[in-house]
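Thanks, everyone, for making the time this morning. I would like to walk you through one structure, and I will ask you to keep it open in your viewer while I talk.

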Amino acid sequence: MNPVPTLMAAPPAVPFVAASAVSKSYGGAQALRGASLSVLPGEVHGLVGANGAGKSTLIRILAGLTQPDTGEIAIEGRPVAIASPHAASGLGMSFIHQELAFVPDMTVLENIMLGLPKKTTRLGLVDWAAIQRDVAPIIERVGITAPLDAAAKSLSTAENWLISIARALVWKARLIVMDEPTASLSASECRKLFSIIRGLSASGVAVLYVSHRLDEILDLCGRVTVLRDGRSVAVLDGPGLTRRGLVQAIVGGAVEHLSKSRDTARGEVVLSVRGLRRLPRVTEASFDLHRGEVLGLGGLVGAGRSELARLLYGADRPDAGSMTIEGGPFAPRTPAGAVRAGLGLVPEERRTEGLLLGKSVAFNLSLGNLTPLLASPVLPFISLRKRARLAQATIRDLSIKASSTEQPVGRLSGGNQQKVVIGRWLRSKPEVLILDEPTRGVDIGARGEIHRLIRELAGHGMAVLVISSEPDELPDLCDRVLVMAEGRIVRELAGTDLTRSAIIEASYALTEERVPA
Amino acid sequence: MSDVSYTRRLSPSTRAALGVFARYGTIIGLLAMILVFSFLSPHAFPTFSNFINVLNQASLAMIIAGGLTMAVIVGELDLSVGYAASLHGVLVTGLIVANHLPIPVAVLIELALGALIGVVNGVIVTKLKVNSVIATLGVGTVLVGLSFAYSAGVPIVSGVPESFLQLALGRWLFGIPNPIIFMALVFGGLWLLVERTAIGQEIQAVGGNPAAARLAGINVDRIKILGFVLSGMCAALTGTLLAARLGSGTTNAADSYLLTAFAAVFLGSATLRDGEFHILGTLIGTLIIVLGFNGLNIFGAPTFSQFVFQGAILIVAVGLASLGRSLAES
């Protein structure tokens, strides 16, 4: 029996940042109800919670993007008011948000130094040579390999993450807050990021790590704060920090397990794809999608899955290859053409590509499918009453948590926003529905509901294609999974072969085969 | 993340007060202006006949502003409306005086031409992907040239038939001047279109988030072109009515409507909604500007003050609109 952990025996350190009893409401919605969070100097602290639990609000408050209604924030024991992002960085905090902010046309070095005080020559000009010398050790530490004068837009998402981290280090941040950092990184990029985070921690820089991916949280974090319904319900550390403990704290009740009951009888081919190509990302893709099946498309980020989806959807046009839908030729030139031919899309970036955040739930649900709202078959006018009634029905069917059909969709949590995007296709019933990362940034509970919904749609005869970067997601959800690597479909998995490890293995397959060549 | 504005640092009560100001400020301003003018000039200003007169004067600017609203709702600017209206004024008088076309035919030709100019603007913006400011400024300048080419810069004055003048000077229903009736029809029609039709929903979606609209299967280019077409047709109607009112076709008669229309549209976006363009807002916006002019006229304010008033109100309007937006986002 290992008695008292040494950590607890040590005198309690003064937290670098401590937020206590913070409350915040937006209109009628109470986002935070007395939440507390303390991050010790140099620790990797996890922040988890279902969507709508208040994580983003808490971070926005720390970042000075919004002000708390009540509560106190202290930096190294001194109470502070964080009036603006500028003030937040002055206090030694640096934030790397989910959507990266950088100037695509500026160079790597310019982006690293963006908004930071710069050394100047005697003439008052920026002394890039001196800056480059100063920054070199940091570049090396975070492992940026791209040339400093390359344009930021030519870099991958992972490399842009490194730029953000370098910025924080140049600014000598004492705390770096990372919001879902691995959402768009590949496995090897994740490993690299983790080693950088450990290095930061060892050198005394604290990291607040916000993620839905519990494996990463368990792997990286010494302590984890769990938010639920705007309250901090648990701070787990040491032996108490387990996956089970986290899930229980997040959900606050029993976890429901999705059973994998499959009606394996699949219908005729709805969408047939032959030899589709658009270089450089899609080299060759051929497959059939059947009525009533959920087909998964897995693989690493950058394997060409989203690019393939864009071809199916008419957002891009292929260099070669052909498609048929319901046996007839299908060559959409625009998304509108694809929709007319019977496709529906739930895009990857729901906030920028899926929704009008300022418009109501009812407006967003009816987008692109307005015929059922017409007041009469002859006049072109729509009936707002019909719109509200249909929206009400969809809200009920999908159990979307919204205060009314007229609530702006931007005020909903991520999971509920996603249900609105899916709900849009519920009534127009396309032959084929493509969902790109349907549960990205969505909490466990909502994820289960979205999965159930997708199964239901397939059950009603829709052919569903799900693209996902999370190997965990596809085996639960799909009848069959195609794995893409380097622009090709490299494997088809079904039945008992369809496992998480098989997907991961296949994702790397092509790369390994190429090594000896 | 979203941009940072000073509104985020405000206390909730200040923010609420500012929110009221941003949404209702224009209406409060309109009422305040009416009160002040009525108080200062109790015999000339607050009379039914002055009100009808003001509305009659305002109608042409309102029609052009209503059209411009359609262009800005779909997320584009149309700087060609003033020049286009001038050209239509010259052409319509020419068609009637020189070509002896029946008035309804001439007017229909103008409306069709207005639609065509809208298509040209729309195609340049959506297919050639030219920024709408540049595209419509270019098209507008070409229109100025066409107008001079057609009339050699000489106003068409003689031989304008009385029946054409009646289009703008006549009265209908309870003696209401025709321009007010045209204006009411245009605004009623545009309001119904935007707020109550399926196409209107698509128009709002395209203006709100073109990427989402496109992926939802909306033909974004077509909707944008439609916005320009409606803008072009309203410019044609304004130009025609102005020629009828002036009794002549003059090459630069309607140019100044551009600024009035922009000020009205932006004032309108700051009215009732948080920096979102809409038809009802434009109606209120134009009223403010025209009533302001009328008040300045009644008190014999010098001409320069009207320009100062118009320029200042444009800036106030855009400021209010962006205040509304940042309050809505924070």
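Strand E3, residues 44–49 of chain A, and strand E9, residues 223–228 of chain A, pair in the parallel sense over five bridges, and I should say at once that what we are looking at is a predicted model. Within that pairing, Leu47(A) has Thr225(A) of E9(A) as its bridge partner.

These two strands belong to an open sheet of six strands in chain A, whose order is E6-E7-E8-E3-E9-E10 and whose pairing is mixed. The edges are formed by strand E6 (93–96) and strand E10 (231–237) of chain A, each of which pairs on one side only. On average, and with direction ignored, neighbouring strands of this sheet are turned by 20° against each other.

Which helices go with these strands? Helix H2 of chain A, residues 55–62, packs on the sheet and touches E3, E6, strand E7 (175–179), strand E8 (206–210) and E9 of chain A, and its direction makes about 145° with that of E7(A). Helix H9 of chain A, residues 243–251, lies across E3, E9 and E10 of chain A, and runs at about 25° to E9(A).

Let me step back to the domains. The domain assignment of chain A gives domain 1 as 14–251, and domain 2 as 269–342 together with 430–514; taken over C-alpha atoms, the centres of these two domains of chain A are separated by 33 Å.

Now to the contact between the chains, to which chain A contributes 33 residues and chain B 24 residues. On the side of chain A that touches chain B, helix H11 (335–341) and helix H12 (350–354) of chain A each supply at least two residues, and the residues of that side divide into 18 nonpolar, ten polar and five charged.

Finally, the nonpolar cores. The largest has 171 residues, and the members that touch the most other members are Ile434(A), Ile454(A), Val464(A), Val466(A), Ala61(B), Ile64(B) and Ala261(B). Helix H10 of chain B, residues 220–246, provides the largest share of this core, with 16 residues. If we leave aside residues up to four places away in sequence, Val466(A) touches several residues, including Val294(A), Leu435(A), Ile454(A) and Leu477(A). Apart from this largest core lies another, of 66 residues, and among its members is Leu47(A), the residue whose bridge partner in E9(A) is Thr225(A).

Conventions. Residues are numbered from 1 along each chain as its sequence is written. Chains are lettered from A and ligands numbered from 1 in the order in which they are written. This is a predicted model: local features need pLDDT of at least 70, side-chain atom pairs count only at pLDDT 80 or more; totals for chains, interfaces and linings use all residues. Domain bounds come from an automatic or database domain assignment. Two residues are in contact if their C-beta atoms, placed from the backbone, lie within 7 Å. Helices (H or I, at least four residues) and strands (E, at least two) are DSSP runs, numbered from the N terminus. Ala, Val, Leu, Ile, Met, Phe, Trp, Tyr, Cys and Pro count as nonpolar, Asp, Glu, Lys and Arg as charged, and the others, Gly among them, as polar. Two strands pair if DSSP finds at least two bridges between them. Axes are lines fitted to C-alpha atoms, for helices over the stretch in contact, and angles run from 0 to 180 degrees between N-to-C directions. A nonpolar core is a set of buried Ala, Val, Leu, Ile, Met, Phe, Trp, Tyr and Cys residues joined through C-beta atoms within 7 Å. A residue is buried if 20 or more other C-beta atoms lie within 10 Å of its own, exposed if 12 or fewer, and partly exposed in between; C-beta atoms are placed from the backbone.
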